[in-house]
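Q: Please take a close look at a single part of this protein and describe it in one connected account. Start with how its pieces are joined, then place that part in the whole chain.

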Amino acid sequence: MALIDRLKYDGPGGQAPWLVYRHPSENLVLGTQLIVNKSQEAIFFKGGNALDVFGPGTHTLAAGNIPLLQKLVNLPFGGKTPFTAEVYFINKAAKLDLKWGTPDAFQVTEPRYQIIVNVRAYGQFGVKISDCRNFTTQIVGALHGDDVFAYDTVASYFKGVVTTKVKAAIAEMIVREKMSLLDITAHLDMASTLCREKVAGEFDRFGLEVLNFYIESINVPEADLARLKKILEDRAEFDVLGTERYTRKRSFDVLETGASNEGAGGAAMTAGLGLGMGFGAASAAGDLARQIRVTPAEATAACPKCNAANFAGAKFCQTCGESMQAPQTACPACKAENPAGTKFCHECGAALGARKCPKCAHENPPAAKFCGDCGHSFQS
């Protein structure tokens, strides 16, 4: 094979961005010109050992500027002595748009609502070679006969490391910060920084520096997102209605759903309530469920405020929460409660309606002792 007197690599043309190029010839000679372009390094290998490194510029190979190789092959000084060595050109330029993503969803316990949801994430990162000896020694053996080692190959080799570290970092952040997945988009910068710290150590071991690491999206499947939103809506409703009214409304919702199911479905509903609430409460719930099944004319009453249909005997409207009980009038004599519009107390017989003055016909409160208009005494 012919001796090589000039070594240079200008890139693969229109192919994928390259990271490492191995010169196909190993037959060199003292006096060979080595041309290293800007953002490149050239490194000599012999017997699997990474030896002399050359930075950008034009270099004439001589025994004096390849000291590590010289020790192995004992080249004479002067002349054009042939020798063999592998030469690798390393691209030191940064590559900032390598893509990553979790190939499958991973489960996280939503800390605010304590439900398990599935999470996916994707984004991009950038790297450059920081230690060409370390990198070529540990990684370049994977060339498997290829002369060009591309950036995409690096991304595929480190894919498992990236996804594992990202999953752990995101789950750790959510648990530690008690961060709801409904709010996760607002914290992508924090998550990106944490993931970069987790990933950087693994790349550094192989002579690579992680320059940036971005999470473009952390997303949840629509079904899990709908569950979270429903919980959030229920919580907001609870805060507005308060404990008692919210519990009553939910009970009505459950009973109404159970009543709409024919036969065994309705029985299962009552049985389920028995297990969850105790047999006494289940009995009461069963009575309500049976009330639902009678005709609307017998079992419903209209809300005085919104006119919605309610169960017979209901104390509050299941739609708007308004009291379903008729207004009461307190007897001025014995304080007993009487339905509004009653003229005489059902307990003591005292007049409950307006008291008309026999002198001026002015209407006064039932308990008035003197006419508020003319001062006539009602005691006489």
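A: Two strands count as paired if DSSP finds at least two bridges between them. The model described here is predicted.

The part chosen is strand 11, together with the elements around it. Strand 11 covers residues 115-129 and is joined to strand 9, residues 95-101, by five bridges. These two strands run antiparallel, and in strand 9 Gly101 stands opposite Tyr122 of strand 11.

Strand 10, made of residues 106-110, is also antiparallel to strand 11, and five bridges join the two. Here Glu110 stands opposite Ile115 of strand 11. Strand 10 and strand 11 make a hairpin, with four residues lying between them. In that turn, Gln114 has a positive phi of about 55 degrees.

A further partner is strand 13, residues 208-219, which pairs with strand 11 over 10 bridges, again in the antiparallel sense. Arg120 of strand 11 stands opposite Asn219 in strand 13.

Next comes the helix that packs against this region. The buried residues of helix 5 pack against strand 11 and strand 13, and also against helix 4, residues 159-177. Those buried residues are Leu188, Ala191, Ser192, Leu194, Cys195, Val199 and Phe203.

Helix 5 itself runs over residues 188-204 and has 17 residues. At 1.5 Å a residue it should span 24 Å, and its end C-alpha atoms are 24 Å apart, so the expected and actual spans agree. Helix 5 also has a kink of about 25 degrees, centred on Lys198.

Now the whole protein. Its secondary structure comes to 10 helices and 19 strands. Of its 380 residues, 36% are buried. Among contacts between residues at least 6 apart in sequence, 55% join residues at least 24 apart. The protein exposes about 20,900 Å², and carbon and sulfur atoms supply 53% of that area.

Last, the cysteines. A disulfide requires a pair of cysteine sulfur atoms within 2.5 Å, and by this rule the count is zero. For Cys374, the closest cysteine sulfur is in Cys360, and at 3.6 Å it is too far for a bond. Cys374 counts as partly exposed because its relative accessibility is 33%. Cys303, at 2% relative accessibility, counts as buried because buried means under 20%.

Notes
Residues are numbered from 1 along each chain as its sequence is written. This is a predicted model: local features need pLDDT of at least 70, side-chain atom pairs count only at pLDDT 80 or more; totals for chains, interfaces and linings use all residues. Side-chain values use heavy atoms; hydrogens and water are left out. The expected span of a helix is 1.5 Å times one less than its number of residues. The bend at a residue is the angle between axes fitted to the seven residues ending there and the seven starting there. Buried means under 20% relative accessible area, exposed over 50%, partly exposed in between (1.4 Å probe, protein chains only). Contact means heavy atoms within 4.5 Å. Accessible areas come from the Shrake-Rupley method with a 1.4 Å probe; for residues, only the protein chains shown count as cover.
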